[in-house]
Amino acid sequence: MTKELVPVNELFEEWFLDYASYVILERAVPAIEDGLKPVQRRILHAMYQMDDGRYNKVANIIGQAMQYHPHGDAAISEAIIGLGQKDLLIDTQGNWGDIRTGDSAAASRYIEARLTKFALEVAFNPAITEWQLSYDGRKKEPITLPIKFPLLLAQGVEGIAVGLSTKILPHNFCELIEASIDILKGKATQILPDFPTGGIIDVSDYKAGARGGKVRIRAKIEKIDNKTIVIREIPFGTTTTSLIDSILKAVEQGKIKIKNIVDNTAKEVEIIITLPQGVEPEITIDALYAFTDCEISISPNACVIINQKPVFTNVDEILRISTLNTKELLRKELELQKFELQEKILALSLEKIFIEQKIYRQIEDAETWEAILQIIRKGIEPFALNFFREITDEDIARLTEIKIKRISKFDSQKAQQELQKLQTDLEETENNLANLTDYTIWYFKNLLKKYGKGKERKTTIATFGTIQATKVVANNTKLYVNRADGFIGYGLKKDEFVCDCADIDDIIVFRSDGKFLVTKIAEKTFVGKDIIHVAVFNKDDNRMTYNMAYRDGLVGNTYVKRFQIGGVTRDKEYDLTKGEPKSKVLYFSANPNGEAEKIRITLSANCKAKNKVFEYDFATLDIKGRGSIGNILTKYPVKKIEKISEGVSTLGKLQIWYDTLTGELNTQGKGTLLGGFEGDDKILVIYKDGSYEVKNYDLRRFDTLQVALVEKFIPEKVISCIYFSGEHQQYFVKRFRIETSTQDKIFSFIGEHPESKMLVVSTESQPQVKIKYHKPNEKVLSEFVYDLDILAEVKGWKAIGNKLPIQNIKEISLLQHQTQTTLQENGLSLFG
């Protein structure tokens, strides 16, 4: 007998599809109904079977779950630790590890767990659960658990299957419930990720968690002083260990300069970074975001199992389906509750009729079982219209089982009261069924009330600006040049030193033949002989202006031009002259702020010009593009050109804006205009903790979570504020001018007491505040408007100020003017 031969490729195709389907449906991707992977579902079912209110050893739970899960104890152990660390369904005891530090959990024989009250309330109801046989046919397990909560979005999930993956980020418990209520009310919703590790998130490209979206997550970094910064919260998916490793790696590469780093993480994350002298904290914070895991990107990919198929969707749709599924489960529970109440009313009514009508006496002479049933049925028949269904022989048989002792002690009035209570419960259940949407809303509100405390949002939502690595990278190498031979690089240590730079910088090079190029810094690069200027190139610098005089190689005329570079292609040569051979640069200067100097031109002694020496002011020349020819300076041969005086900027003051969303100072018009800056102008920064700092106007980024006010520093300007003094336990108003002259040093103007807090601050000349407060024996809040310039005179910045007339404050706000910050904007609390 010959066997049929089957090609290997057909076997492979069939087996691969079976394997892929199994991994997708049974291992990696969660079901939309309960938001659980099979291993998670089996763990929770096993724990429910074991539940007696006490803790169980995790090793015991793993053994119980192995009756349902065919993949061994390692997969179950990993899954139960993951569920326990989410702190939602499992109440843990012992060392379960730490997602912040990356510490692993203790062995399963040393740790214990039980289901939380929340899990018992929302996840289980055997009566409405669909069941299937376990893998060996010995047990029954749920197909899905009847979870009445958007668990998938609360916990988040990540899984890799064959040919696809899923990644759904965790969302806030309270916000999910509130969004579900909005869905039931027909309102639009938007839910955003919230992580147990906190941090700051930019969701501008989240796309509701659908495939193709992206979120950026940053650590929460605070500036303590000019030498110390501290990391308080870390990005989701990182640990304090991996974060410190990434920082040390950036330090080794020379991208960041730090003096010391210490991990003091205990109950809260605290990584203290000490900076060396001369390193700015703001630049370092930006560098941490640019070069370390202090900022990461996560690309969500919402994929779930719907009707036994993987479906790519988004979190809004998942929430909608989950909310409607919860409504349907509540309907099933109410239908079941209604049926059970009707059965109880029927049973109690039959018992009441059986005893009150003394039907039990009529069956004493009956000789057969059929006769007994007939007598009882005849006795209750007059009341049949009051029953919700027909009376069966089983109902009648139960009546014959009532003991004489119960009949003799039967209390008709008590039975009637119990019937009325059951009838009231039935009417309430029927009303809930008739108003199922309202009942579902009540259910969600009750969940929020019972379990919402302590589950407030931990991750701050913000908008991040783009940090340019070249602006924040620490100078970790040196640039050298060999002008005659035409080489530049950090390896030419025997040649002319140009400047400190970073190994990611671009370098701009100008040659005497009037050509220039921009190239990446390297150890040694040939850029052309006779270099006249070399520097680090900043493509976004719109103030760097070059002044140049060159001789045209064809006619011999000398031209002058002022130009800016603009956009360039790396390693491409550009000609600044008319392009004729033998053209030559006679004079060149680079001016960071558009300065225009005066020069003296000496002509050749043999030329026919009457005036062989004359002066020229570049300020009379307009700034144009690099491709402009320029203006004719002279038609005669030039012997030499020399600078005779430094120039002043012809660009006017530098206009700087402050972007309140990203905290960036910029020159692109984003945010609020701070004004024009030049020379020794400064910027005033007032922080929410009641301190201030005066800084130079270098473009930088401030932490919007810490900053209350940023504006141009005007020494004559008066600062007004209301603050709570922790030392005196009272509210004060004070007005002062900045008297300190030290730059880049933080000064606290409300004292150092830890309970002191600033409520409002303004730099307006006549600020007004509206205060809402309680009068004695009055429930309604009263209002009063104060002029701060009347309440307090201007004193020194260290003065306590004047006591605020009203102390029982409930709400305070500044009447809106241009430059001010209110309590609500600060996110501060009035009460400590």
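This passage describes selected strands, loops, a helix and a cavity in a predicted model.

A convenient place to start is strand β9, which spans residues 215–218. This strand has neighbours to both β8 and β14: with β8 (200–202) it pairs in the antiparallel sense over 3 bridges, and with β14 (residues 295–298) it pairs, again in the antiparallel sense, over 4 bridges. Individual bridge partners help to locate these pairings on the model. I200 is partnered with R218 of β9, while V215 is partnered with I298 of β14. Strand pairing of this kind runs through backbone hydrogen bonds, in either a parallel or an antiparallel arrangement. The side chains of β9 alternate: V215 and I217 point one way, R216 and R218 point the other way, and all of them are buried.

R218 deserves a closer look. Its relative accessibility is 3%, and R218 therefore counts as buried, the cut-off being under 20%. Its side chain makes a polar contact with the side chain of E295, at 2.7 Å. Beyond its neighbours within four places in sequence, R218 is in contact with residues from several parts of the numbering, including G199, I200, P235, Y289, C294 and E295, as well as F464, G465, I467 and R701.

R218 also appears in the description of the internal voids. The structure holds 7 cavities of 30 Å³ or more, and the largest cavity has a volume of about 130 Å³. That largest cavity is lined by 14 residues, and those that lie nearest its centre are I200, R218, R701, D703 and T704. Two of these names, I200 and R701, are also found among the contacts of R218, and I200 is the bridge partner of R218 as well.

Two loop residues stand out for their backbone angles. A208, found in the loop between β8 and β9, has a phi near 55°, a positive value in a residue other than glycine. N307 also has a phi near 55°, again positive in a residue other than glycine. The place of N307 is in the loop between β15 (303–306) and β16 (309–312). With a relative accessibility of 66%, N307 counts as exposed, because the cut-off for that class is over 50%.

Among the helices, α13 (residues 393–400) has D395, I396, A397 and L399 buried. The buried residues of α13 pack against α10 (315–356) and α12 (369–380).

Two open sheets complete the picture. One is built from 4 strands in the order β20-β18-β19-β23, with antiparallel pairing. Its edge strands are β20 (496–501) and β23 (525–526), each of which pairs on one side only. Within this sheet, β18 (residues 477–482) and β19 (residues 487–489) are joined in the antiparallel sense by 3 bridges, and N482 has F487 of β19 as its bridge partner.

The other open sheet has 3 strands in the order β45-β44-β48, and the pairing here is antiparallel too. Strands β45 (782–787) and β48 (809–814) stand at the edges with a single partner strand each, so one side of each is left without a neighbour in the sheet. Direction ignored, neighbouring strands of this sheet are turned by 20° against each other on average. Strand β44 (residues 768–773) is joined to β45 by 6 bridges, the two running antiparallel, and Y773 has S782 of β45 as its bridge partner.

Methods
Residues are numbered from 1 along each chain as its sequence is written. This is a predicted model: local features need pLDDT of at least 70, side-chain atom pairs count only at pLDDT 80 or more; totals for chains, interfaces and linings use all residues. Side-chain values use heavy atoms; hydrogens and water are left out. Buried means under 20% relative accessible area, exposed over 50%, partly exposed in between (1.4 Å probe, protein chains only). A polar contact is a pair of N or O atoms within 3.5 Å; within protein, one must be able to donate a hydrogen and the other to accept it, and residues adjacent in sequence count only if both atoms are side-chain atoms. Contact means heavy atoms within 4.5 Å. Two strands pair if DSSP finds at least two bridges between them. Axes are lines fitted to C-alpha atoms, for helices over the stretch in contact, and angles run from 0 to 180 degrees between N-to-C directions. On a 1 Å grid over the protein atoms alone, a cavity is a set of points where a 1.4 Å probe fits but cannot get out, and a pocket is an open set with protein on both sides within 12 Å along at least five of seven lines; lining residues have an atom within 4 Å of a point. Grid points are joined across faces, edges and corners, and a volume is the space filled by probe spheres set on the points.
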